[in-house]
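Student: I've just opened a structure I haven't met before. Could you walk me through how to read its features?

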Amino acid sequence: MFAGLLTGSCLLSFALPSQAAAQTASAQPAALAAPRSIPLLQTETNSNGTPIVYPKGAPQITARITEIPPGVRTGVHTHQIPLFVYILGGKLTIRGENGESTTYKEGDAYMERTDWHEGINEGSEPVRLLAVYPGEVGAPLSVKRAN
C-alpha cells in the first residue's frame, strides 16, 4: 500500500507542474515585463547644502507617512539625524530661519535640512509625505525649538 501511495504521489507531482504550466502559460502576457527602478534622489548633502552625517549609535530606521492639513505649520524644528522626504501629494513649503524657502510638490524627493526650519502647507489640499529617518536608537526624529 505504501508503494502505491508513493507511486501515486510521484505521478501526481509530475502531473501538477505540467498542468500548472499549461494553465499559467495562457494567462502570461506575450512578453514578461522586467522590474524597473525610478531614481528618486541621490545626494551627499541635505537640502540646505550641509553634508549628510550618519549617527554613530545603534542603527534604527523609521519610516512614516505624515499628513499636514491646509494652513497648518509644523512649528520651528531641526533634525539631528538624516531625513529623506518624498512628497506623495500636495505642496509643502520649507522655510529656513533666514527667510529663504523651497516649495516641494507631489513627486519631489529631498533630504530635509538640518538647521532650524518649519514646514508650511500654504495650499488648499492636504500634504501627504513619506518620511524615512536612517537614525539611531534613542535619537529624536525632530527637536522643536523652545519658545
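Student: Let me start with one residue. Is K105 buried, exposed or partly exposed?

Tutor: Keep in mind that this is a predicted model. Burial is read from relative accessible area, where under 20% is buried and over 50% is exposed. K105 has 44%, so it is partly exposed.

Student: And which residue does K105 pair with in a salt bridge?

Tutor: The general idea comes first: side chains of opposite charge can pair when their charged atoms come close. Here K105 pairs with D108, and their closest N and O atoms are 3.3 Å apart.

Student: How many salt bridges does the count give?

Tutor: It comes to 7 salt bridges. One of them joins R113 and D115, with 2.6 Å between the closest N and O atoms. R113 is buried because its relative accessible area is 7%, while D115, at 27%, counts as partly exposed. Salt bridges with shared partners also tie E100, R113 and D115 into one network.

Student: What about pairs that link distant parts of the chain?

Tutor: Look at R128 and E67, whose side chains form a salt bridge at 3.0 Å, N to O. R128 sits in strand 8 and E67 in strand 1, 61 residues apart, so this pair links distant parts of the chain. As for accessibility, R128 is partly exposed at 34%, and E67 is exposed at 53%.

Student: You mention strands. What is the overall pattern along the sequence?

Tutor: To read a fold, list its helices and strands in order. This protein has 1 helix and 9 strands, and the order is α-β-β-β-β-β-β-β-β-β.

Student: How much of the protein is buried?

Tutor: Of its 147 residues, 22% are buried.

Student: Now the surface. Which residues make the nonpolar patch?

Tutor: For a patch, look for nonpolar side chains that share a stretch of surface. Here I38, L40 and L41 make one of about 270 Å². Take L41 as an example: it lies in the loop between helix 1 (2-27) and strand 1 (59-68). With a relative accessible area of 36%, L41 is partly exposed.

Student: Next, pockets. How much space lies in the largest pocket?

Tutor: With a pocket, check its volume, then ask what lines it. The largest pocket holds about 260 Å³. It is lined by 18 residues, and those closest to the centre are T66, T74, H77, H79 and Y133. Strand 1, strand 4 (91-96) and strand 8 (127-136) are the elements that each give two or more residues to this lining. Sorted by class, the lining has 9 nonpolar, 6 polar and 3 charged residues.

Student: And what is the volume of the second largest pocket?

Tutor: That one is about 160 Å³. Its lining has 14 residues, with V53, Q80, I81, P82 and T114 nearest the centre. The classes there are 8 nonpolar, 5 polar and 1 charged.

Student: One last thing. Where is P126 found?

Tutor: P126 is in the loop between strand 7 (117-120) and strand 8, and at 45% relative accessibility it counts as partly exposed. It also shows how to compare sequence distance with distance in space. P126 and V72 are 54 residues apart along the chain, yet their C-alpha atoms are separated by 9.2 Å.

Terms used: Residues are numbered from 1 along each chain as its sequence is written. This is a predicted model: local features need pLDDT of at least 70, side-chain atom pairs count only at pLDDT 80 or more; totals for chains, interfaces and linings use all residues. Side-chain values use heavy atoms; hydrogens and water are left out. Patches are made of residues with over 30% relative accessible area and no salt bridge: like charges are joined within 9 Å, nonpolar side chains (Val, Leu, Ile, Met, Phe, Trp, Tyr) within 5 Å. Accessible areas come from the Shrake-Rupley method with a 1.4 Å probe; for residues, only the protein chains shown count as cover. A salt bridge is a side-chain nitrogen of Lys or Arg within 4 Å of a carboxyl oxygen of Asp or Glu. Helices (H or I, at least four residues) and strands (E, at least two) are DSSP runs, numbered from the N terminus. Buried means under 20% relative accessible area, exposed over 50%, partly exposed in between (1.4 Å probe, protein chains only). On a 1 Å grid over the protein atoms alone, a cavity is a set of points where a 1.4 Å probe fits but cannot get out, and a pocket is an open set with protein on both sides within 12 Å along at least five of seven lines; lining residues have an atom within 4 Å of a point. Grid points are joined across faces, edges and corners, and a volume is the space filled by probe spheres set on the points. Ala, Val, Leu, Ile, Met, Phe, Trp, Tyr, Cys and Pro count as nonpolar, Asp, Glu, Lys and Arg as charged, and the others, Gly among them, as polar.
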